[in-house]
Amino acid sequence: RLNGKDKEFSNVWYTFATPEGVFFCSREKLFRYHHNRITVWNPDNLFWNFFYVNGILFIREEGAGLMALNKDRIETIRGSEIFSGERIGAMLPLGKNRILVGSRTKGLYEMEYSGSGGLFSASFNLLRCDAENYLAQNQLYHGIKLSNGNFAFATLNGGVIIINAKGEETERFTKNSGINDD
């Protein structure tokens with residue numbers, strides 16, 4: 001059961017079923033249901049995005065960059081300050097300890113991370129690719145990794161763009177190509 005203050009939250013925006021339990025993610029609270037028990041975490045400001053990638057729950061908190069849930073603690077990832085004022089629309093697996101991070105207006109980054117003794121650190125390298133200007137101008141909103149290894153990115157203003165693992169644009173879907181809305 002939730003106690004009084006833990007009931008004070010708005011919509012649950014994300015849900016992840018993981019080996020560590022089921023996570024319910026809102027702007028004001030992060031809940032985990034595991035072994036008939038609910039654990040609650042609170043942000044300093046507001047939680048903005050959540051991603052479950054490579055077995056880790058990543059969190060973007062407003063004004064704080066990227067964080068990760070590690071051993072029941074939310075930890076800021078050293079090196080992620082570049083995202084403190086930038087929305088993140090996608091975090092997609094590239095391999096072991098490597099993630100493709102898609103920001104709203106700054107482009108795509110390759111994140112290499114390590115975590116030992118409860119301390120996460122990461123390096124972020126801007127990826128130069130065919131779609132970088134298109135994604136920045138049209139505001140990347142969401143992304144997925146496709147079964148063929150390509151990546152699909154939805155934008156707020158320019159439809160959907162598909163790129164391959166080399167960063168080359170393979171397809172673009174906009175109003176001009178027949179989708180209802182950019």
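These are my notebook entries on the salt bridges of this predicted model.

**Entry 1, the count.** I began with the general idea that side chains of opposite charge can pair when their charged atoms come close. Taking a side-chain nitrogen of Lys or Arg within 4 Å of a carboxyl oxygen of Asp or Glu as the criterion, I arrived at a count of six salt bridges. I looked up three pairs in detail, as noted below.

**Entry 2, aspartate 6 and lysine 29.** I found a salt bridge between aspartate 6 and lysine 29, with 3.8 Å between the closest N and O atoms. This pair links distant parts of the chain, since aspartate 6 lies in the segment before β1 (12-18) and lysine 29 in the loop between β2 (21-26) and β3 (30-34), 23 residues apart. When I checked the accessibility of the two partners, I noted that both aspartate 6 and lysine 29 are buried.

**Entry 3, glutamate 132 and arginine 128.** Here the closest N and O atoms of the salt bridge between glutamate 132 and arginine 128 are 2.7 Å apart. I then asked whether each partner is buried or exposed: glutamate 132 has a relative accessible area of 18% and therefore counts as buried, the cut-off being under 20%, whereas arginine 128, with a relative accessible area of 62%, is exposed.

**Entry 4, glutamate 169 and arginine 172.** For the salt bridge that joins glutamate 169 to arginine 172, I recorded 2.8 Å between the closest N and O atoms. Glutamate 169 is partly exposed because its relative accessibility is 28%, and arginine 172, with a relative accessible area of 37%, is also partly exposed.

Methods. Residues numbered from 1 in each chain as written. Predicted model: local features only at pLDDT ≥ 70, side-chain atom pairs only at ≥ 80, totals over all residues. Heavy atoms only, no water. Helix = DSSP H or I, 4+ residues; strand = E, 2+ residues; numbered from the N terminus. Buried < 20%, exposed > 50% of the residue type's maximum accessible area, 1.4 Å probe, protein only.
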